[in-house]
Amino acid sequence: MVKYGMSPLAALQADLLNGAKLLDWEGQIGALKPGYLADIVAVPGNPLDDISALQHVDFVMKGGAVYKRQGP
């Protein structure tokens with residue numbers, strides 16, 4: 001979406017916030033709040049400055065457990 005002119009922030013919002021609305025899961029996903037379901041990804045850098053940072057995930061936190069990529 002960014003490649004075709006959308007800002008990084010708008011692309012992330014379209015994915016995360018609008019996805020929750022489309023799935024009728026508002027109030028359950030789409031935010032980092034107590035009681036919400038969430039997976040968290042750590043990337044090197046700020047995807048709002050460079051969206052390609054999302055292609056280099058350092059780890060994922062799911063259900064409170066951290067999963068790290070093994071190898072290169």
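In this predicted model, valine 43 sits in a loop, the one that links strand S1 (39-42) to strand S2 (59-62). The residue has a relative accessible area of 18% and is therefore buried, the cut-off being under 20%. Its neighbours beyond four places in sequence are Ala53, Leu54, His56, Val57 and Asp58. The approach to alanine 53 can also be given as a backbone distance. The C-alpha atoms of valine 43 and alanine 53 are 6.0 Å apart, although 10 residues separate the two along the chain.

The strands on either side of this loop belong to a sheet. The sheet is open and has three strands, in the order S1-S2-S3, with antiparallel pairing. S1 and S3 are the edge strands, each of them paired on one side only. From one strand to the next, the twist averages 20°.

The pairing can be followed strand by strand. S1 and S2 are antiparallel and are joined by four bridges. Within this pair, valine 41 has valine 60 of S2 as its bridge partner. S2 is in turn antiparallel to strand S3 (residues 65-68), again with four bridges. Two positions illustrate the register of S2 against S3. Phenylalanine 59 faces lysine 68 in S3. Lysine 62 faces alanine 65 in S3.

The turn between S2 and S3 comes next. These two strands form a hairpin with two residues between them. In this hairpin, glycine 63 adopts a positive phi near 60°. Glycine 64 also falls in the loop between S2 and S3. Its relative accessibility is 61%, so glycine 64 counts as exposed, the threshold being over 50%. Valine 43, by contrast, is a loop residue that is buried, at 18%. Glycine 64 can also be placed against a residue of S1. Its C-alpha atom lies 8.6 Å from that of aspartate 39, with the two positions 25 residues apart along the chain counted as their separation.

Pocket analysis adds a further view of S1. The largest pocket holds about 540 Å³ of space. It is lined by 17 residues, of which Leu16, Leu32, Asp39, Ile40 and Val41 are the closest to its centre. Two elements, helix H1 (8-22) and S1, each give two or more residues to this lining. H1 supplies the largest share, with five residues. By residue class, the lining of the largest pocket consists of 13 nonpolar, two polar and two charged residues.

Several residues recur across these results. Val41 is among the residues closest to the centre of the largest pocket, and valine 41 is also the bridge partner of valine 60 in S2. Asp39 is likewise listed among those closest to the pocket centre, while the C-alpha atom of aspartate 39 is 8.6 Å from that of glycine 64. S1 itself is an edge strand of the sheet and contributes two or more residues to the pocket lining.

Technical notes:
Residues numbered from 1 in each chain as written. Predicted model: local features only at pLDDT ≥ 70, side-chain atom pairs only at ≥ 80, totals over all residues. Heavy atoms only, no water. Buried < 20%, exposed > 50% of the residue type's maximum accessible area, 1.4 Å probe, protein only. Contact = heavy atoms within 4.5 Å. Pairing = 2+ DSSP bridges. Axes fitted to C-alpha atoms, helices over the stretch in contact; angles between N-to-C directions. 1 Å grid on protein atoms, 1.4 Å probe; cavity = no way out; pocket = protein on both sides within 12 Å on 5 of 7 lines; lining within 4 Å. Points joined across faces, edges and corners; volume = space filled by probe spheres on them. Nonpolar A, V, L, I, M, F, W, Y, C, P; charged D, E, K, R; others polar.
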